[in-house]
Every structure is written in C-alpha cells, then in structure tokens.
Amino acid sequence: MKTFFNAVAAFMLTFCMQAQENSPFNTGFEETISSKILGQQRKVWIHIPNSNGGNKIKDRGRYPVIYVLDGSENFNTVVSITEHMEESNLCPPMIVVGILHQNRLVDLTTGTDKELPDVVGGGEKFMSYVEKELIPYIDANYPTTTYKTFMGHSLGGLTVMNTFLHHPQLFNSYVSLDASLWWNNQQAVKEAKTILPTQNYKGKTLYMAMANRLERGVDTLSVQKDTSGSTALIRSNLEFIKEQSKNKKNELRFKYKFYEEDNHPSVRLIGEYDALRFIFEFYKLKIYDSELKNPDFKLDSLLVAHYKNVSENMGYIVKPGESQINNLGYQMMGAKQLAKAETLFKLNTTNYPESANCYDSLGDLYLEKGDKAKAIETFKKALTLKAIPETKEKLEKLLKEKK
C-alpha cells in the first residue's frame with residue numbers, strides 16, 4: 001500500500017515548557033520505583049519513542065535505552081534530540097529514562113572531598129540501585145533492547161566516569177559532560193591511570209565534553225600548569241584524556257571535544273547532541289542520487305550490508321524499516337526501475353513476512369509490470385494477513401477482469 005509520510009513531524013515537545021517547572025509534560029511520564037537498596041521511593045521520567053505511539057506496547061518494536069542522570073534538568077533536551085535524530089535517520093528510535101535525585105551530592109559522588117567535608121558520597125550504593133533495580137525494572141516493563149547509554153553532566157559526569165572505570169559492562173556507551181573529576185582529590189583520574197592500561201573496552205564508546213572555564217589568554221595547554229582550584233575541573237578532564245591517549249590498545253572507541261564558546265551549563269545541550277551523533281555515526285544510511293538513477297545499482301545489497309554493520313555495532317539484529325524500504329520501492333516504481341523496485345519489495349516481505357502492507361506493495365509492483373496472475377496471488381496473501389479495504393478492492397477488480 002502506497003503511503004505518504006510527512007517529513008515535518010509535529011514535534012516541538014520541549015519548547016512548550018513554560019507552564020510548569022520540572023515536569024516531563026507530554027514528552028513522557030513519571031514512574032515511582034520502590035528501592036530496597038536505597039530504602040527509598042525513587043522517581044524516574046520515561047519517554048517511549050513517538051514512532052511507538054509513546055506507550056509501552058511491545059509488539060511494535062524494541063528500543064535502545066538512554067539513562068540520563070539529573071533527569072529534571074536533562075530529560076527534555078535528550079528526548080528532543082533523540083526524536084529529531086530519529087526523524088533524520090541519524091539514530092534508532094530510543095527510550096529515554098531520566099533519573100531524578102533526592103540528594104544529588106550523595107547519589108553522584110563517592111568518598112568525601114575537602115571542599116564539602118560534610119558530604120559522604122553514596123555513589124556505589126546508588127549505582128547498585130541503577131544496576132540491580134532500575135535497569136531490570138525498565139527491561140521488564142518496557143520494550144527494550146540490550147543496548148544502553150549512560151549520560152551525565154557535572155557530578156553526573158563524574159558518576160558516568162566512575163561507572164565506566166569500575167562497571168564498564170553495565171552500558172555500551174558513556175557520555176561525560178564537563179565531569180567533576182576534581183572530586184575527592186581527582187580520585188577517578190588516579191584510578192584511571194591503573195585501569196585504562198589493563199582493561200579491554202572493545203565494543204564500548206566514551207564521549208567527553210569540556211566547557212570553556214579558562215581566563216582570557218589561557219588555553220588548554222597552558223592551563224595544565226596551573227594549580228588553582230578554579231581550573232581543577234578542566235585540568236582533571238584533560239589529564240584523563242592524556243591517560244587514555246597513552247592506552248589506545250584498550251580498543252575504546254573514544255572522542256572528546258573542548259567547547260570554546262560554551263560554559264558549564266550551556267555545554268549540556270550541544271554536548272548531548274554531539275555525543276549521540278558520535279555514538280550512532282554508523283547508523284546513517286547514505287544513498288547517492290547517482291545510485292538511485294542507476295538501474296544496475298543493487299539497492300537491496302546496499303541496504304543489507306548497511307544494516308549488517310548496524311547490527312554488529314548494536315549487538316543484535318537490526319532490520320531496515322518497513323516504511324523506509326516501501327517508500328524506496330515506490331520511488332523506483334515511479335522511475336520505471338521495476339526490477340530494482342521488485343528486489344526492494346521482496347526484501348520487505350522477507351524481513352516482515354507478517355505484514356499485509358508489504359505484500360500489498362509487491363502486488364502493486366506486479367500490476368505495474370502487467371503480471372496480473374502474480375498480482376492476484378500477492379493480494380490474496382496480503383488479505384490472509386489483514387483485511388485491507390484497498391487491497392480487497394484491487395483484488396476484486398482483477399478477478400472481474402479475469403472473468
């Protein structure tokens with residue numbers, strides 16, 4: 001069945017957030033989880049992809065999950081970014097889980113720091129809750145896949161880095177945004193010096209963003225000679241980056257960026273976007289106009305190879321979207337490249353054998369080719385899967401003509 005998709009989705013989810021503070025609005029909904037580990041009721045905000053209708057229905061597909069610390073600050077921006085990137089075919093549709101904190105200083109630190117001696121970090125206990133209670137709860141109640149991303153800013157970035165160092169198996173990708181690596185006399189950086197050379201990070205991704213906190217005339221080289229507290233955050237991040245650069249054999253997929261025009265608060269939005277672009281840079285499918293116009297170019301082979309690579313990166317089988325292939329098939333029909341269209345529609349019936357729409361589209365192709373017998377056969381197959389009025393009408397017309 002030929003369908004038309006509006007490329008401009010009614011999306012402006014996060015830019016209508018003036019009425020209330022700290023609420024997910026229509027970007028998602030709130031859940032309360034009873035944590036035995038923390039001895040508390042903990043709240044999370046959850047977004048299901050718009051392409052799934054924004055609800056928990058599992059038979060429409062399963063999705064990677066992004067776990068975002070400081071959810072009250074970061075949830076809405078990450079939701080907006082993921083929805084925009086999905087619409088642009090830059091990433092898969094994704095579930096976003098915004099983790100809220102009753103006391104972020106306790107949740108997001110370990111040990112103590114001389115500047116805040118009254119704060120005793122409970123980060124290990126908090127991450128035990130994330131690992132043993134929150135993630136299993138999300139996996140049990142939502143349509144998830146095995147691919148998980150962990151994202152945090154400032155002290156949240158510190159927690160991301162601690163988790164990356166001590167529990168690297170917990171997530172596939174880690175995003176650290178201007179992390180407070182100065183905490184506890186740079187404990188995380190010191191631990192990295194012994195962990196990075198010995199750990200194998202094959203299949204893991206880390207993105208680090210740093211904001212510009214430098215005085216006029218100071219750059220990222222000269223600041224490393226400074227010893228003042230005001231430069232401790234950027235110096236700590238630069239030191240971690242230097243350590244990783246010595247240990248490229250650990251197979252970590254790694255990128256960092258210094259945002260010269262952004263400060264500590266503003267680096268979050270641009271850092272979130274750039275991080276997700278980097279993490280999912282393998283996802284974008286590029287088809288050139290010359291390939292579309294060339295009757296001999298095998299689009300189906302390109303698609304199979306591309307999604308094989310995507311599957312290897314995601315760790316599970318990812319198929320090209322039904323509507324994506326359907327639209328390409330009709331585009332090739334319109335260009336009178338019927339052989340190419342046929343391979344695409346058949347690819348869809350292979351990937352989605354229970355979809356009546358795929359068989360209806362293949363039937364349209366046979367009609368275009370003048371093969372009425374195959375069109376009848378294919379329309380009948382479609383109607384065994386779902387009663388589509390348009391398909392029934394086309395089949396009845398063909399059967400009358402046959403008489």
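Strand β8, helix α5 (residues 183–195) and strand β9 form a right-handed β-α-β unit. The model is predicted. Strand β9 is largely enclosed by the rest of the structure, because 7 of its 7 residues are buried. Helix α5 also helps line an enclosed cavity and an open pocket. Aromatic pairs number 14 across the whole structure.

**Strand β9 and its neighbours**

- Strand β9 spans residues 205–211.
- Both of its faces are covered. Thr-205, Tyr-207, Ala-209 and Ala-211 are buried on one side. Leu-206, Met-208 and Met-210 are buried on the other.
- Strand β8 (residues 173–177) runs parallel to β9, and 5 bridges join them. Leu-177 has Ala-209 of β9 as its bridge partner.
- Strand β10 (residues 253–259) also pairs with β9 in the parallel sense, over 7 bridges. Here Ala-211 is matched with Tyr-259 of β10.

**Cavities**

- There are 2 cavities of 30 Å³ or more.
- The largest cavity holds about 70 Å³ of space. Its lining includes Asp-107, Leu-108, Thr-109, Thr-110, Gly-123 and Glu-124. Met-127, Thr-159, Asn-162, Thr-163 and His-167 also line the largest cavity.
- Helices α3 (123–141) and α4 (155–166) are the elements that each give two or more residues to that lining.
- By class, the lining of the largest cavity has 7 polar, 2 nonpolar and 2 charged residues.
- The second largest cavity has a volume of about 50 Å³. Thr-110, Leu-158, Asn-162, Leu-181, Trp-183, Asn-184, Gln-187 and Ala-188 line it.
- Elements α4 and α5 each give two or more residues to the lining of the second largest cavity. The largest share, 4 residues, comes from α5.
- This second lining divides into 4 nonpolar and 4 polar residues, with no charged ones.
- Thr-110 and Asn-162 appear in the linings of both cavities.

**Second largest pocket**

- The second largest pocket contains about 330 Å³ of space.
- Its lining has 17 residues. Lys-114, Glu-115, Trp-182, Asn-185 and Ala-232 lie nearest the centre of the pocket.
- Elements β5 (110–113), α5 and α6 (232–245) each give two or more residues to this lining. Helix α6 gives the most, with 4 residues.
- The pocket lining has 9 polar, 5 charged and 3 nonpolar residues.

**Aromatic pairs**

- Among the 14 aromatic pairs, Phe-29 and Tyr-142 are stacked, at 6.2 Å centre to centre with 20° between the planes.
- That pair links distant parts of the chain, 113 residues apart. Phe-29 sits in strand β1 (residues 29–35). Tyr-142 lies in the loop between α3 and β7 (144–153).
- Phe-29 counts as partly exposed, because its relative accessibility is 26%. Tyr-142 is buried, with a relative accessible area of 0%.
- Phe-171 and Tyr-174 make an edge-to-face pair, because their ring centres lie 5.8 Å apart and their planes meet at 80°.
- Phe-171 is buried at 0% relative accessibility. Tyr-174 is also buried, at 0% relative accessibility.
- Phe-171 and Tyr-174 belong to a cluster linked by ring pairs, together with Tyr-67, Phe-150, Phe-164 and Tyr-201.

Definitions and conventions:
Residues are numbered from 1 along each chain as its sequence is written. This is a predicted model: local features need pLDDT of at least 70, side-chain atom pairs count only at pLDDT 80 or more; totals for chains, interfaces and linings use all residues. Side-chain values use heavy atoms; hydrogens and water are left out. Buried means under 20% relative accessible area, exposed over 50%, partly exposed in between (1.4 Å probe, protein chains only). Two strands pair if DSSP finds at least two bridges between them. A crossover is right-handed if, with the strands pointing away from the viewer, the path from the first strand over the helix to the second runs clockwise. On a 1 Å grid over the protein atoms alone, a cavity is a set of points where a 1.4 Å probe fits but cannot get out, and a pocket is an open set with protein on both sides within 12 Å along at least five of seven lines; lining residues have an atom within 4 Å of a point. Grid points are joined across faces, edges and corners, and a volume is the space filled by probe spheres set on the points. Ala, Val, Leu, Ile, Met, Phe, Trp, Tyr, Cys and Pro count as nonpolar, Asp, Glu, Lys and Arg as charged, and the others, Gly among them, as polar. Rings of Phe, Tyr and Trp (its six-membered ring) pair if their centres lie within 6.5 Å; planes under 30 degrees apart count as stacked, over 60 as edge-to-face and the rest as tilted.
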